[in-house]
Amino acid sequence: MRAPEPEALDGDAPADGARRKIIHVDMDAFFASVEQRDNAELRGRPVAVGGSSERGVVAAASYEARKFGVRSAMPSVTAKRKCPELIFVTPRFDVYKAVSLQIREIFAEYTPLIEPLSLDEAYLDVTENLQGVASATEIAEQIRAKIRRVTHLTASAGVSYNKFLAKLASDHRKPDGLFVITPKMGARFVETLPVETFQGVGPATAAKMRRLGIETGLDLRARSLAFLQQSFGKSGEAYYWISRGVDERPVRADRVRKSIGAENTFPRDLFEFEPMCEALRPVLAKVWRHCEASDIRGRTITLKVKYADFKQITRSRSGEDVIASLADLERLSLGLLAPLLPVKKGVRLLGVSLSSLSQTRVKDRGQLALAL
């Protein structure tokens, strides 16, 4: 699919020449697409990568499965209920990593400024690029074409003058799409979007915004900086600027990850241990998926708890050895949670992170001896 005319991004840069050219590349249903590529019987069928057991979680879903409402991080039993014909496939992280490296090599032909977000997406700063191509849109087209030729997979790309807008653009015409948000389009494009489409605005924050009468980027832009800071704390300033199409974050090449984590804010407060355990499992699955995909393990686990009054606490434990399995991660997380019960105030958010990271391949080491 062709992008809109790129003249404003590629030809109408400001006089100081400071306008950046950022591409966000996002592979389409990456894990599931790799499985469909490698197994002809899966093509055109609803596929979920992940465990099919009662406590399993969907790691990725094909577009055929997404039509039924199947999404990543969804409990497998829920996914199967939404799509009875769903086919579960065991993840092959070594294969996904190998394909991801092929894609990274393609990026490196154009720029050293590559900021991977995961195995299947990355930001590229092509303001100055190795091929001497003036048009960022043309570079994005070349990258998508080579990814298809080399891996037989499709990628969507967004081109813009900052990271926030480039990511919005890559989502705009998925799958297998390319879209450009030019400087002339930026603020106008943002004002039409629902707030939940903004990166960093999760379901709970979106619900709070709607309670405050903020449903679109235009509504967000109408609120003062002071109001947004009072309502959303440190995030308020970021919301203020992105509603205006402004994002000054640079593309950081090969940034060193200090921790791996995930969290979830619940639609209603939780009070009992078992519902909290169930709510934590998709969070733990997401953290472990990052560990498996990157061959990274951590020695320190931190549980984050946010109560209904927004008071937040953390509890951590560190061990002599890295956490070697999802089962260990779950056992240790619940071990940190249990002493906090019973709760007088409801719990609105739970999160888990791993730190003291190391790049290693881990075999099952059995039970871990952890010390406070």
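A residue counts as buried when its relative accessible area is under 20%. The exercises below use this cut-off and refer to a predicted model.

**Exercise 1. Leucine 153**

Task: Decide whether leucine 153 is buried or exposed, and list what surrounds this residue.

Solution.
Step 1. Locate the residue: leucine 153 sits in the loop between α6 and β7 (155-160).
Step 2. Apply the cut-off. The relative accessible area of leucine 153 is 4%, so the residue is buried.
Step 3. List the contacts, setting aside neighbours within four places in sequence. Leucine 153 then touches Met27, Phe30, Ser33, Val34, Arg37, Val99, Ile147 and Arg148.
Step 4. Take one of these partners, arginine 37. Leucine 153 and arginine 37 are 116 residues apart in sequence, and their C-alpha atoms are 7.6 Å apart in space.

**Exercise 2. The annotated binding site**

Task: Find which residues the UniProt record annotates as "binding site", and describe where they lie.

Solution.
Step 1. Read the record: the unreviewed UniProt entry gives the annotation "binding site" to Asp26 and Asp120.
Step 2. Compare sequence and space. The two residues are spread over 95 residues of sequence, yet they cluster in space, with a largest C-alpha distance of 5.9 Å.
Step 3. Place each residue. Aspartate 26 belongs to strand β1 (residues 22-27), while aspartate 120 is in the loop between β5 (114-118) and β6 (121-125).
Step 4. Apply the cut-off to aspartate 26. Its relative accessible area is 10%, so aspartate 26 is buried.
Step 5. Compare the contacts, again without neighbours within four places in sequence. Aspartate 26 touches Asp120, Glu121, Ala155, Ser156, Ser170, Asp171 and Lys174. Aspartate 120 touches Val25, Asp26, Met27 and Phe30.

The same record, an unreviewed entry, also has the annotation "domain: UmuC" for residues 22-202. This span is 38% helix and 20% strand, and its end C-alpha atoms lie 24 Å apart.

**Exercise 3. The five-stranded sheet**

Task: Give the strand order of the sheet that contains β1, and name the helices that pack on the sheet.

Solution.
Step 1. Write the order: five strands form an open sheet, β5-β6-β1-β7-β8, with mixed pairing.
Step 2. Find the edges. β5 and β8 (178-180) each pair on one side only, which makes them the edge strands.
Step 3. Note the twist, which averages 15° from one strand to the next.
Step 4. Examine one pair of strands. β1 and β6 run antiparallel and are joined by five bridges. Aspartate 26 has glutamate 121 of β6 as its bridge partner.
Step 5. Add the helices. α6 packs on the sheet and touches β1, β6, β7 and β8, with a direction at about 170° to that of β7. Helix α7 (residues 163-172) packs on the sheet as well, touching β1, β5, β6, β7 and β8, and its direction makes about 140° with that of β7.

**Exercise 4. The three-stranded sheet**

Task: Describe the sheet that contains β2 and the helix that lies across its strands.

Solution.
Step 1. Write the order: three strands form an open sheet, β3-β2-β4, and the pairing is mixed.
Step 2. Identify the edge strands, β3 (58-61) and β4 (87-89), each of which pairs on one side only.
Step 3. Give the turn between neighbouring strands, 30° on average with direction ignored.
Step 4. Look at β2 (residues 47-50) and β3, which run antiparallel and are joined by three bridges. Alanine 48 stands opposite alanine 61 in β3.
Step 5. Place the helix. α2 (residues 30-38) lies across β2, β3 and β4, and runs at about 110° to β2.

**Exercise 5. Two crossing helices**

Task: Describe how α5 and α6 cross and which kinds of residue form their contact.

Solution.
Step 1. Give the geometry: the axes of α5 (residues 93-108) and α6 (residues 136-151) come within 10 Å and cross at roughly 145°.
Step 2. State the handedness, which is right-handed.
Step 3. List the residues. From α5 come Val99, Gln102, Ile103, Ile106 and Phe107, and from α6 come Ile143, Lys146, Ile147, Val150 and Thr151.
Step 4. Sort them: seven are nonpolar, two are polar and one is charged.

Key:
Residues are numbered from 1 along each chain as its sequence is written. This is a predicted model: local features need pLDDT of at least 70, side-chain atom pairs count only at pLDDT 80 or more; totals for chains, interfaces and linings use all residues. Side-chain values use heavy atoms; hydrogens and water are left out. Axes are lines fitted to C-alpha atoms, for helices over the stretch in contact, and angles run from 0 to 180 degrees between N-to-C directions. Helices (H or I, at least four residues) and strands (E, at least two) are DSSP runs, numbered from the N terminus. A crossing is left-handed if the near helix is turned anticlockwise from the far one by less than a right angle, and right-handed if clockwise. Contact means heavy atoms within 4.5 Å. Ala, Val, Leu, Ile, Met, Phe, Trp, Tyr, Cys and Pro count as nonpolar, Asp, Glu, Lys and Arg as charged, and the others, Gly among them, as polar. UniProt positions are given in the numbering used here, feature names are shortened, and annotations may be inferred rather than shown by experiment. Two strands pair if DSSP finds at least two bridges between them. Buried means under 20% relative accessible area, exposed over 50%, partly exposed in between (1.4 Å probe, protein chains only).
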